[in-house]
Amino acid sequence: MVSRWACDRCGFVAWTQDRSGVSEVTGSHLLAHHSDALSKSDFRVSWDCPYCATAKTAYDTDGAVAEFKAHLHGHATDRIADGVHVADRVGWDGVVRVDASPTGGEADALRAHFHGAAGLVVAVTPAPERLVRALDERLSSWPRRTVIVSTGEYDFEATPDVDFEGLDVEIVELDPRLSPDEVGETVSRILDANHEPGERVSLEVSVFHQIVAAFDVERAVAFVRMLAARLADAGGVLQLYVDADADRNVATVLNFLDETIDLTVAVDGDRFVRRP
Ligand SMILES: [Zn+2]
Ligand SMILES: [Zn+2]
């Protein structure tokens with residue numbers, strides 16, 4: 001679980017590993033909204049709090065800015081919540097777009113955050129070994145059941161230290177030439193066979209770039225909508241890992257999915273952010 005701060009002036013939300021991480025975000029963010037409250041003249045820097053009557057003048061610019069940020073943080077603390085999950089934002093039911101490389105490790109903390117809070121995890125990924133390693137290292141215990149749908153053959157030699165004997169992990173190797181319909185059907189069958197009533201589902205799709213590359217815009221859009229509808233029956237969160245900057249076609253498809261996507265999150269160091 002993480003701590004969360006939501007700005008009351010814009011749609012910005014930051015989720016940090018703990019409460020101390022929040023204070024690194026609030027001050028700078030609120031200062032950006034109130035930059036005119038900070039002024040320089042006669043070698044001195046002054047700030048005048050927009051929330052209360054506090055005002056300061058000092059010669060040490062860095063010190064004054066840091067003090068102002070810390071002061072602004074004091075006005076933000078009532079909007080900080082602890083022990084929350086990013087998926088709370090969509091009531092554990094919806095589609096979350098994650099702006100990160102689908103195959104890099106940049107978003108592994110977020111993957112672990114979602115998967116670690118679910119009973120059933122289904123992950124469609126071209127990098128199954130990396131995912132297994134990330135979950136094994138980051139989670140204190142694996143989910144009740146994990147099904148990894150890989151678009152390649154799983155290389156067990158790449159994860160020699162992971163003891164699959166004690167884990168409820170299944171690896172399904174998928175023909176990389178399969179169509180989105182077949183991928184969708186595979187996921188649907190996995191949900192049927194593994195989902196227990198009332199259990200949270202975390203569904204990761206890290207193959208969206210391949211799906212967009214292999215098929216037209218319409219079918220790629222339909223694929224996500226169908227998966228989202230299928231998951232709505234079971235109750236869970238679909239995470240779509242995409243790097244729209246790297247692929248113009250992916251960006252186009254994402255535009256069509258604007259109504260389907262409930263939340264967009266980016267990874268910023270060790271925190272997760274929603275930018276307005
Ligand atoms: Zn804001
Ligand atoms: Zn104040």
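Q: Which residues on the other side of H7 are called exposed, and what makes them so?
A: In this predicted model, Glu 218, Ala 229 and Asp 233 of H7 are exposed. A residue is given that name if 12 or fewer other C-beta atoms lie within 10 Å of its own.

Q: Which residues of H7 are buried?
A: The buried residues are Ala 220, Val 221, Phe 223, Val 224, Leu 227, Ala 228, Leu 231 and Ala 234. The term requires 20 or more other C-beta atoms within 10 Å.

Q: Why are the buried residues of H7 said to line one face of the helix?
A: Viewed down the axis of H7, these residues fall within an arc of 155 degrees, so they occupy one face. They pack against strands S7, S11 and S12 and helices H5, H6 and H8.

Q: How do the end C-alpha atoms of H7 compare with the span expected of its 18 residues?
A: At 1.5 Å a residue, helix H7 (residues 217-234) should span 26 Å; the end C-alpha atoms lie 26 Å apart, and therefore the two values agree. After H7 comes Gly 235, with a positive phi near 90 degrees.

Q: What angle do the axes of H1 and H2 make, and why does it have the name it is given?
A: The axes of H1 (residues 19-33) and H2 (residues 61-76) come within 8 Å and cross at roughly 100 degrees. Angles of 65 to 115 degrees count as roughly perpendicular, and H1 and H2 are therefore described in that way.

Q: Which residues form the contact of H1 with H2?
A: Residues including Ser 23, Leu 30 and Leu 31 in H1 meet residues including Phe 68, Leu 72 and Ala 76 in H2. The residues of this contact divide into 6 nonpolar, 5 polar and 1 charged.

How values were computed
Residues are numbered from 1 along each chain as its sequence is written. Chains are lettered from A and ligands numbered from 1 in the order in which they are written. This is a predicted model: local features need pLDDT of at least 70, side-chain atom pairs count only at pLDDT 80 or more; totals for chains, interfaces and linings use all residues. Axes are lines fitted to C-alpha atoms, for helices over the stretch in contact, and angles run from 0 to 180 degrees between N-to-C directions. Helices (H or I, at least four residues) and strands (E, at least two) are DSSP runs, numbered from the N terminus. Angles under 35 degrees count as roughly parallel, over 145 as roughly antiparallel, 65 to 115 as roughly perpendicular and the rest as oblique. Two residues are in contact if their C-beta atoms, placed from the backbone, lie within 7 Å. Ala, Val, Leu, Ile, Met, Phe, Trp, Tyr, Cys and Pro count as nonpolar, Asp, Glu, Lys and Arg as charged, and the others, Gly among them, as polar. The expected span of a helix is 1.5 Å times one less than its number of residues. The arc is that of the directions from the helix axis to the C-beta atoms.
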